[in-house]
Amino acid sequence: MQKLSRRTRVLTGAVAVAALGAGTLGAVSASAGTPDAATKAAVTADAGDKNLTHSTHLTVAAATKAAQAALDAAKKENQRVTVAVVDRNGNTVVTLRGDGAGPQSYESAEKKAYTAVSWNAPTSELAKRLEQAPNLKDIPGTLFLAGGAPVTAKGAPIAGIGVAGAPSGDLDEKFARAGVTALAR
């Protein structure tokens, strides 16, 4: 029997490992593609189930329309701002940074939008609440400065629009309300 060189042994071993791996991957892939009956039943939910809830969210197109309307309102007054729209859960749907908007405006707009939807109130009103409850400002992700406006459907908050970058929060909030108004058209 002839002794194999080290190189031949290494190459033969590598081929064997690759073949074994391919066989295992094929078996796993085949079983992943055909769930058994118990798995199928577990992922099926009855839409009328009392354990489920439905929520309303803005579409990306609607969020973009609102953000653009707020940005346009600011541009008409020569203000350089950033506009953020978040969903009911506080997740950012769209953010538009206007030409020349400051670097701090991006994060501030998102936090104002998050704060407005979290409390279903304009952030200018919420800022006034700090007098009675100063610890509110310590809640992570919030910003109690004017410039955020909630978007509601059937009385419930479904989104928030935040604007930051104008010289006053009152202007920021005016532009945020322009975004909310655009959704009614």
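# A guided tour from the hairpin to the helices

Begin by selecting strand 3 and strand 4, which form a hairpin with 2 residues between them; in the turn, lysine 154 has a positive phi of about 55 degrees. Strands here (E, at least two residues) and helices (H or I, at least four) are DSSP runs, numbered from the N terminus, and two strands pair if DSSP finds at least two bridges between them.

The structure is a predicted model, in which local features need pLDDT of at least 70 and side-chain atom pairs count only at pLDDT 80 or more, while totals for chains, interfaces and linings use all residues. Residues are numbered from 1 along each chain as its sequence is written, and side-chain values use heavy atoms, with hydrogens and water left out.

**The hairpin**

Stay with lysine 154, which is found in the loop between strand 3 (148-153) and strand 4 (156-164). Is this residue buried or exposed? Lysine 154 is exposed, with a relative accessible area of 89%. The terms are set by relative accessible area: buried means under 20%, exposed over 50%, and partly exposed in between (1.4 Å probe, protein chains only). Most residues other than glycine have a negative phi.

Next, follow the two strands away from the turn. They pair in the antiparallel sense over 6 bridges. Alanine 153 has alanine 156 of strand 4 as its bridge partner, and glycine 148 stands opposite glycine 162 in strand 4.

**The sheet**

Now display every strand. The 4 strands form an open, antiparallel sheet in the order 2-1-4-3. Which strands lie at the edges? They are strand 2 (92-97) and strand 3, each of which pairs on one side only. From one strand to the next, the twist averages 15 degrees.

Add helix 3 (residues 60-76), which packs on the sheet and touches strand 1 (82-87), strand 2 and strand 4; its direction makes about 30 degrees with that of strand 2. Such axes are lines fitted to C-alpha atoms, for helices over the stretch in contact, and angles run from 0 to 180 degrees between N-to-C directions. Contact, or touching, means heavy atoms within 4.5 Å.

Select threonine 56 as well, in the loop between helix 2 (37-42) and helix 3. Threonine 56 is partly exposed, with a relative accessible area of 45%. Threonine 56 and alanine 153 are 97 residues apart in sequence, and their C-alpha atoms are 7.8 Å apart in space.

**Helix 4 and the loop after it**

Move to helix 4 (104-119). At 1.5 Å a residue, its 16 residues should span 22 Å, and its end C-alpha atoms are 23 Å apart, which agrees. The expected span is 1.5 Å times one less than the number of residues. The buried residues of helix 4 are Ser105, Ser108, Ala109, Lys112, Ala113, Thr115, Ala116 and Val117. These pack against strand 1, helix 5, strand 3, strand 4 and helix 6.

Step into the loop between helix 4 and helix 5 (123-129), where asparagine 120 is placed. Asparagine 120 has a positive phi of about 50 degrees although it is not a glycine. Asparagine 120 is partly exposed, with a relative accessible area of 30%.

Continue to threonine 123, found in helix 5. At 0% relative accessibility, threonine 123 counts as buried. Leaving aside residues up to four places away in sequence, threonine 123 touches Lys112, Thr115, Ala116, Leu143, Leu145, Ala146, Gly147, Gly148 and Glu173.

**Helix 6**

Select helix 6 (residues 169-184), whose end C-alpha atoms are 23 Å apart, in agreement with the 22 Å that its 16 residues should span at 1.5 Å a residue. Its buried residues are Asp172, Glu173, Phe175, Ala176, Gly179 and Ala182. Seen down the axis, they fall within an arc of 165 degrees, so they line one face of the helix; the arc is that of the directions from the helix axis to the C-beta atoms. The face turned away from this buried side carries the exposed residues Asp170 and Ala184. The cover over the buried residues of helix 6 includes helix 3, helix 4, helix 5, strand 3 and strand 4.

**The whole protein**

Finally, zoom out. The secondary structure comes to 6 helices and 4 strands, running α-α-α-β-β-α-α-β-β-α from the N terminus on. Buried residues make up 32% of the 185 residues. Among contacts between residues at least 6 apart in sequence, 62% join residues at least 24 apart.
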